[in-house]
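Good morning, colleagues. I would like to take you briefly through one model, beginning with its nucleic acid surface and ending with its symmetry.

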Number of protein chains: 2
Amino acid sequence: MGAECHHAESAQPGLEGVALANAVAAAQAQCERTRERLTPPRRRVLELLLESDGPMKAYDLIAAYGQDGEPAKPPTVYRALEFLERLGFAHRIESLNAYVPCRMEGAGHRAAFLICECCGAAQEFEPDFSAQFAAAEIAGYAVRTVTLEARGLCPACKVQT
Amino acid sequence: MGAECHHAESAQPGLEGVALANAVAAAQAQCERTRERLTPPRRRVLELLLESDGPMKAYDLIAAYGQDGEPAKPPTVYRALEFLERLGFAHRIESLNAYVPCRMEGAGHRAAFLICECCGAAQEFEPDFSAQFAAAEIAGYAVRTVTLEARGLCPACKVQT
DNA sequence: CTAGTTATGTTATTTCATAACGCTGCGGGT
DNA sequence: ACCCGCAGCGTTATGAAATAACATAACTAG
Ligand SMILES: [Zn+2]
Ligand SMILES: [Zn+2]
Ligand SMILES: [Zn+2]
Ligand SMILES: [Zn+2]
């Protein structure tokens with residue numbers, strides 16, 4: 001989305017067609033297992049995130065929500081995002097005020113991101129927080145969640161100017 | 001600041017009197033060494049951050065800016081914060097949209113925070129990002145900065161309800 | 001002094017997020 | 001079948017956070 005450069009933002013191509021349908025169906029199945037409801041607005045926002053090539057802002061989702069071009073009302077999208085985050089289907093990237101669909105297998109995981117400051121790509125990776133947990137323990141903190149966002153240049157943007 | 005509980009937010013008592021003056025003087029000295037200018041608005045915002053018991057929102061700073069109760073204009077404070085962050089005198093906490101003065105000795109360091117979700121305290125600690133750098137290297141990213149914010153309960157809030 | 005650069009003052013606007021309230025529809029208990 | 005409780009949603013309105021744009025002032029180097 002944030003195309004500050006000319007490089008292809010190809011790191012995370014959006015899903016379409018069968019791949020998209022499969023991803024949504026997997027979310028649907030996971031919801032049924034845990035008695036959660038993937039309602040139409042939630043499903044729609046998840047679709048939009050999965051279709052996107054990169055992080056989407058809340059108001060991008062709001063604008064793209066209606067298939068007929070009608071935008072959603074902000075609470076519709078923010079509520080859906082809250083649900084998707086809670087279930088682990090999406091993540092918020094704090095330093096971008098933006099959202100991405102979860103790209104990792106298995107729910108309930110801890111997320112971390114590599115963010116390209118040139119092309120805007122955001123790649124999720126599996127973090128190792130053992131050093132941080134050790135520091136927290138020394139300080140006496142009981143850690144519940146950890147946000148980690150590394151900013152720099154992706155492989156594509158690193159080579160050229 | 002965010003007092004969602006009754007526990008004393010004593011982790012980071014604000015500076016006053018001589019301690020405050022010393023901290024500002026140290027920043028002043030460091031600026032002179034690097035030919036940077038600690039101008040009145042910058043100094044004022046730094047003072048406000050140092051005096052505070054916890055993270056301050058930008059609009060808290062705006063409201064508290066004038067000694068006579070006159071608020072600042074938003075750009076005044078945002079510019080000062082940008083400067084203070086650049087010089088390492090302050091940090092932004094992304095997950096709170098708030099700012100803290102740097103509590104670590106020596107400039108140019110990497111910051112990380114333990115944030116209490118009950119009393120709002122934010123404690124800076126020295127992070128070890130070696131595991132994250134390894135992950136970034138595998139992915140081919142050149143990391144420039146890392147944001148790490150661990151959220152949970154501080155020692156004081158952990159014991160009681 | 002003069003020109004270039006850095007910082008500030010000011011107005012307005014944009015961007016991001018939530019409060020509040022009533023309606024709907026699904027589920028469990030009787 | 002009926003009632004009720006609650007999660008979810010639609011809608012209006014507002015609040016909170018950040019920046020754009022442009023004019024003026026203050027340093028600094030030549
Ligand atoms: Zn994930
Ligand atoms: Zn890139
Ligand atoms: Zn610091
Ligand atoms: Zn606490």
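**The surface near DNA strand D**

By class, the residues of the surface near DNA strand D divide into 8 nonpolar, 3 polar and 8 charged. Please bear in mind throughout that this is a predicted model.

In total, 19 residues surround DNA strand D. The closest are Thr39(A) and Arg79(A) from chain A, together with Lys57(B), Tyr59(B) and Arg92(B) from chain B. Of the atoms of DNA strand D that come within 4 Å of the protein, 55% belong to sugar and phosphate.

Which helices supply this surface? In chain A, helix H2 (40-51) and helix H4 (74-87) each give at least two residues, as do helix H3 (58-64) and helix H4 (74-87) in chain B. The largest share, 4 residues, comes from H4(B).

Let me turn to individual polar contacts. On the phosphate side, a polar side-chain atom of Arg42(A) lies 3.3 Å from a phosphate oxygen of DNA strand D. The side chain of Tyr78(B) places an N or O atom 3.1 Å from a phosphate oxygen of the strand. Arg79(B), by contrast, addresses a base: an N or O atom of its side chain is 3.4 Å from a base nitrogen of DNA strand D.

Finally, the symmetry. A turn of 180 degrees, with a shift of 0.0 Å along the axis, lays chain B on chain A with an RMSD of 0.1 Å. The two copies are therefore related as by a two-fold rotation axis. Within chain B, the residue closest to that axis is Leu148(B), whose C-alpha is at 2.3 Å. Because 100% of the interface residues of chain B are also interface residues in chain A, the copies meet through the same surface.

Conventions
Residues numbered from 1 in each chain as written. Chains lettered and ligands numbered in written order. Predicted model: local features only at pLDDT ≥ 70, side-chain atom pairs only at ≥ 80, totals over all residues. Heavy atoms only, no water. Near = heavy atom within 4 Å. Polar contact = N/O pair within 3.5 Å; in protein donor to acceptor, adjacent residues only side chain to side chain. Nonpolar A, V, L, I, M, F, W, Y, C, P; charged D, E, K, R; others polar. Least-squares fit on C-alpha atoms with pLDDT ≥ 70 in both. Contact = heavy atoms within 4.5 Å.
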